Amino acid sequence: MKTLIKTAALVNTKFVAALFVAACLMGNSYAKTAPSPESSTTDYSAIVQNAYTQFKNDKRGDVADYIPALAKYSPDNYAIVIATVDGKIFSAGNKEALFPLESLTKVFTLALVMEQQGQKQTLNKLGANATGLPFNSGLAVELRPERPQNPLVNAGAISSVSLLNAKNPDAKWQQIIGNLNAFADNQLHVNQEVYQSESETNQHNQALALLMQSYGRLYSNPREAVDLYTRQCSVDASTLDLAKMGATIANHGQSPYSGKRLIAEENVPKILAEMAIAGLYDGSGQWLYNVGLPAKSGVGGGIFAVVPGKYAVAVYSPPLDKEGNSVRAQEAIEYIAHATQANVFR
């Protein structure tokens, strides 16, 4: 019986993987054949304004309070920005308002790790599977200790930081913040109040790091890795910054603003795949079903989604659902994806 169960699980895993590869190929085909924003007749400005107006009064969800500093942000904060691959910006709301990026930073540090380590090492050490458990689960590590399964859950993100090639933690931090700045085409800064608040309440992440160290899946000092991860999550950015960061991924790894190549083009599909697998945690499957775009959320209230070859859309709204994803951001991005026919599965 145990053999049958194990075989069935293996078949199911391979089947799901095959479906996902097919979906990625469909998305890649879409990205190569879709018209560029210059030739498109889509009225992005009107679509953004409609999305902003339609969901402005939706009060559902709760602002995160397990990090005390986050509880101070107003639930009324709301902004939408589309950034196209040819550098155009369409916005509604206060696109300059700052908020902590939190888990949104995981995508960009993953990109840096992949540039340093290569695709094979990144996959072997961090993984590319959904855990089926909460984003900060220790049980997920215990059940499959060969790797943290993906770099967008907390265990995987802490492991990502530990993998960076640098001689000491200060050098690693300069890599992390320099990379975020390059994606944003702006100088970003740590929100010291949030950093202190997270540092005082990150015992669970410290435990995750020690657990992974016990399995040989952490590649630097656990305390240093957690501190760098905490500082990374505490970086402030605006909705405009976040949209520009996403547009660099949409533009196959080259910034539409600075012109710099920040990700090797062949690495971009792998990063988008990780976003599709676990970008919205336990809500990732339903998100793909309804919206069909790779995306990433953060408990600070931001979400960005990528339409390969066309644009990225970022939305900031602090009230979260039970999975830790912004309610209004999900609604607005879904509306925009449908209005622009952006679903990569269509």
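**Exercise 1. Decide whether Y311 is buried or exposed in this predicted model, and describe its surroundings.**

Solution. Begin with the relative accessible area of Y311, which is 1%. Buried means under 20% relative accessible area, and Y311 is therefore counted as buried. Next, place the residue in the fold: Y311 belongs to strand β8, which covers residues 311–316. Then list what surrounds Y311, leaving aside its neighbours within four places in sequence: the contacts include Y44, I82, A83, T84 and V85, and also A305, V306, I336 and A337. Finally, compare sequence with space, where Y311 and I249 are 62 residues apart along the chain, while their C-alpha atoms are 8.9 Å apart.

**Exercise 2. Find which residues have the most contacts inside the largest nonpolar core, and say what F304 touches.**

Solution. The largest nonpolar core has 68 residues, and those with the most contacts inside it are L101, I249 and F304. Taking F304 as the example, and not counting residues up to four places away in sequence, we find that F304 touches L104, V107, F108, L242, G246 and I249, among others, as well as M275, P294 and A295. Apart from the largest core lies another core, of 29 residues, and among its members are F55, I80, I82 and A295.

**Exercise 3. Work out how helices α6 and α9 are placed relative to each other, and which residues make their contact.**

Solution. First locate the two elements, with α6 at residues 154–163 and α9 at residues 203–214; their axes come within 10 Å and cross at roughly 70 degrees. Angles of 65 to 115 degrees count as roughly perpendicular, and so α6 and α9 are roughly perpendicular to each other. The crossing in which α6 passes α9 is right-handed. The contact is made by N154, A155, I158 and S159 on the side of α6, and by N205, L208, A209 and M212 on the side of α9.

**Exercise 4. Apply the reasoning to helices α3 and α4, whose axes cross at roughly 120 degrees, and name the residues in contact.**

Solution. Helix α3 spans residues 105–117 and helix α4 spans residues 119–126, and their axes come within 7 Å. Because the crossing angle is roughly 120 degrees, α3 is oblique to α4. The residues that make the contact are L110, V113, M114 and Q117 of α3, together with Q119, Q121, T122 and L126 of α4.

**Exercise 5. Determine where R217 and H252 lie, and how accessible each one is.**

Solution. R217 is found in the loop between α9 and α10, the latter being residues 222–233, and with a relative accessible area of 26% R217 is partly exposed. The C-alpha atoms of R217 and L163 are separated by 9.9 Å, although the two residues are 54 apart along the chain. Turning to H252, we find this residue in the loop between α11 (239–250) and α12 (268–278), where its relative accessibility of 22% makes H252 count as partly exposed. H252 also has a positive phi of about 60 degrees, although it is not a glycine.

**Exercise 6. Describe the protein chain as a whole.**

Solution. Start with secondary structure, which amounts to 14 helices and eight strands. Of the 346 residues in the chain, 54% count as buried. Then consider contacts between residues at least 6 apart in sequence, of which 71% join residues at least 24 apart. The accessible surface comes to about 14800 Å², and 53% of it belongs to carbon and sulfur atoms.

Definitions and conventions
Residues numbered from 1 in each chain as written. Predicted model: local features only at pLDDT ≥ 70, side-chain atom pairs only at ≥ 80, totals over all residues. Heavy atoms only, no water. Helix = DSSP H or I, 4+ residues; strand = E, 2+ residues; numbered from the N terminus. Buried < 20%, exposed > 50% of the residue type's maximum accessible area, 1.4 Å probe, protein only. Contact = heavy atoms within 4.5 Å. Areas by Shrake-Rupley, 256 points an atom, 1.4 Å probe, with all protein chains shown as cover. Core = buried A, V, L, I, M, F, W, Y, C linked by side-chain atoms within 4.5 Å. Axes fitted to C-alpha atoms, helices over the stretch in contact; angles between N-to-C directions. Parallel < 35°, antiparallel > 145°, perpendicular 65-115°, else oblique. Left-handed = near helix turned anticlockwise from the far one by under 90°.
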